[in-house]
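Let's take a walk through this model, one piece at a time. Have the structure open and follow along.

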Amino acid sequence: MKIWEIMTSPVLTLNPSQKVSEVVTIFMGNKIDGAPVVDKSGKLVGLFTKSHIYRVINNGLDMNKTKVKDLMTKQLLTGHPDDEFSDVINASVPRLPVIDEKGRVVGIVTRGDIAKAFFNLHRSISLELDTIINSTHNMIISIDEKGIIKVWNLSAARLLDTKAEDAIGKHLLDILPNSDLLDVIETGEVDTLKKVKFNKRTFISNRSPIKKDGKIIGAVAVLQDISEIDKMSKELCYVKELNKELDAIVESSFDGLFITDGKGIILRYNKAFEQLTGIKAHEYLGLSVADIKKDGIISEPVTCHVLEQKKSITIMQKSRSGKLTLTTGNPIMEGNGEIIRVVCNVRDITELNLLRHKLEKAKGLSQHYENQLRTLKLQYNGSEKIIATSAKMRNLLDMVVRLASVDSTVLINGESGTGKELIAEIIHSNSSRKDKPFIKVNCGAIPENLLESELFGYDGGAFTGAKKEGKPGYIEMASGGTLFLDEIGEVPLNLQVKLLRFLQSKEIIRVGGKNYINVDVRIVTATNRDLWDMVQKKQFREDLYYRLNVVPVHIPPLRDRKEDIPALVAHFIQVFNRKYKRNKSISPEVVDYIMQYNWPGNIRELENLIERMVVITIKDIITSEDLPFHLRDTVGLSSSYILVSGIVPLREAIESVEKQLLEKVYSKYRSTRQMAKELKVNASTVVRKAAKYQISKDSSIQNN
């Protein structure tokens, strides 16, 4: 592998006279940690890295005065484009400048380039090893130390009538109950020439432990089928039948099969190969692969490469019929290393495209299931910050989790106190950016004259009082992650223009700066105002509105999803009991009041109410007397309010309501007559129902 195949080119370079402060900006803007230093003619004179910057900081030097030439490394190891990778690269070389014959920089090899080269090499070796194993006539089966099957080649699949996908990952004894390959792991000894029977076949098995660093990590068995040999020794006719069977297998193959001897003389090809190439049966039998190439039947016979390199090779070919095929040639060798056969498998690329589409479909389905699982986890096992039992909120959370998987700009709209910031956090925590920064900015809480510098940052000396070294803004701080702009409707018109340009180009200019800075950040905004109404009144830019309103998310107010209130009340009671070390509980009557209240302050108002009652209530049970006067006066209890939080049999529901009503009247009134009058039933009915539910004056007092 040549250096030019893996190097990064073109490469960003520095000049010796540049200041360190300039280099810092270049490194950050281009996300690099080192660059070659060249003179005016482009020749390499040094290397400057982040380590030199650390040295400036550590030694207390002035970045605006210190120049690159003062610190750069001058003694360098360099490479040329045509150098072999293995000759110049080793573990001690973090990066390698690449120069031409005149000493000019033409590229650089970074750690990433080196890692990529090693990865490609490893993948090539792995594919080659898989091809060899699956081309072996003998069965190869390997297991790990727990007996789990790791290798099950094509011969094993054919001879044992079990596909590799049905065997790999299973325990050996589940597939081959009579196998004693596990004994090799226990003894650690090689076991050769053992005669075994599987699936009515007889094999000679050679078995060995697999060792790594002196430790046994598994075992491998190579099994040769000797059933045919036994039968061939008894009768010649079986050989003929076997040959017919082999012909049938070859002819029934969907893939084209093309077989030559060790000199490239054509021995066999099947009908599928004839159809792919357009040749006639037996037309080229006995001829050489060179004749096929000369006649233009196949553009580049893989057999020639296999015979030359003595290894399995896969290439793309184009046949005379115009079909594009993927051909794999596998050498079959004798014990002395000489090739006696070359077996080529030829597949129409259309089949591979079908497999690719299936894989893409499977990936899409996997992503769908992942989103569903995230939604379920959020709804039923999720964070303490989100309490949602109503259908409206469950549907909202489902949509939000799905939105998290894409990078679309989201505009969250809802009244104050509905939880817009929590929805933004859910979008970030369920996205691919969850490990990156999540920056929250309340645009309404920052003075207009400071908002621009806070969002976009500033360069040194941009205004009076500015830091000498400058300061990054919230947008830069959120790089790679998510920026949440709350109260977006409060951004002044003059700043909306700059914000719009950033959303379009993903570039910013700091206040007082001249250079553009690329920032990769997802934008999520929120407001409790009607932005479209503001657009009509010329208070908000229409183009910015459309840019922000790509995916609108509306959070319903608490009054429109009162099914969530009981769960929210229970949650806040638990939170504030734990926070203030109390043991408060809330009476059903209080929940009735709370359910009827309109909650203009939404969840925030409900949370504050529960905290206030937990803190100031003396009794352990919070009753309606502990509610604020404005809430009781607004709601009242002139009409009954029954909450149905789930589906139960009607008879059980009626009995539950009857029992609760009787307990309440028994705790409030002394006589049965008063109770009957309040309930508008006969006194005998009250007595009968009370007996049914075992309610008495004493029990009602205890229950209340």
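S7 and strand S8 (residues 201-212) run antiparallel and are joined by six bridges. Strands here are DSSP runs of type E with at least two residues, helices are runs of H or I with at least four, and both are numbered from the N terminus. Two strands count as paired if DSSP finds at least two bridges between them. For a handhold on this pair, look at lysine 194: its bridge partner in S8 is serine 205. The S7-S8 hairpin has two residues between its strands, and asparagine 199 takes a positive phi near 50° there.

Before going further, a quick note on what you're looking at: this is a predicted model, with local features needing pLDDT of at least 70 and side-chain atom pairs counting only at pLDDT 80 or more, while totals for chains, interfaces and linings use all residues. Residues are numbered from 1 along each chain as its sequence is written, and side-chain values use heavy atoms, leaving out hydrogens and water.

Carry on along the chain and S8 pairs with strand S9 (residues 215-225), again in the antiparallel sense, over ten bridges. Asparagine 206 has valine 222 in S9 as its bridge partner. This hairpin also has two residues between its strands, and aspartate 213 in the turn shows a positive phi of about 55°.

Now zoom out. These strands belong to an open sheet of five, in the order S6-S5-S9-S8-S7, with antiparallel pairing. Strand S6 (149-152) and strand S7 (191-198) are the edges, each pairing on one side only. From one strand to the next, the twist averages 25°; axes are lines fitted to C-alpha atoms (for helices, over the stretch in contact), and angles run from 0 to 180 degrees between N-to-C directions. Over at the S6 end, strand S5 (residues 139-144) and S6 pair antiparallel over three bridges, and isoleucine 141 stands opposite tryptophan 152 in S6.

Next, helix H6 (residues 111-135), which is where phenylalanine 118 lies. Phe118 joins Leu121 and Ile125 in a nonpolar surface patch with about 310 Å² of accessible area together. Areas come from the Shrake-Rupley method with a 1.4 Å probe, and for residues only the protein chains shown count as cover. Phenylalanine 118 counts as partly exposed because its relative accessibility is 46%; buried means under 20%, exposed over 50%, and partly exposed in between.

So much for the surface; what about the inside? The largest nonpolar core has 30 residues, and Ile475, Leu483, Leu485, Ile488, Phe502, Val521 and Phe540 touch the most other members. Such a core is a set of buried Ala, Val, Leu, Ile, Met, Phe, Trp, Tyr and Cys residues joined through side-chain atoms within 4.5 Å. Among the elements that each supply at least two residues are strand S16 (438-442), strand S17 (482-486) and helix H21 (493-505). H21 gives the most, with five residues.

A few backbone oddities round off the tour. The peptide bond from serine 9 to proline 10 is cis, with omega near -5°, and proline 10 lies in the loop between helix H1 (3-6) and helix H2 (20-30). Aspartate 161 isn't a glycine, yet its phi is positive at about 55°. You'll find aspartate 161 in the loop between helix H7 (154-160) and helix H8 (164-167), and it counts as exposed because its relative accessibility is 66%. Lysine 538, in the loop between H22 and H23, has a positive phi too, near 60°.

Definitions and conventions. Patch = residues over 30% accessible without salt bridge, like charges linked within 9 Å, V, L, I, M, F, W, Y side chains within 5 Å. Salt bridge = Lys/Arg side-chain N within 4 Å of Asp/Glu carboxyl O. Buried < 20%, exposed > 50% of the residue type's maximum accessible area, 1.4 Å probe, protein only.
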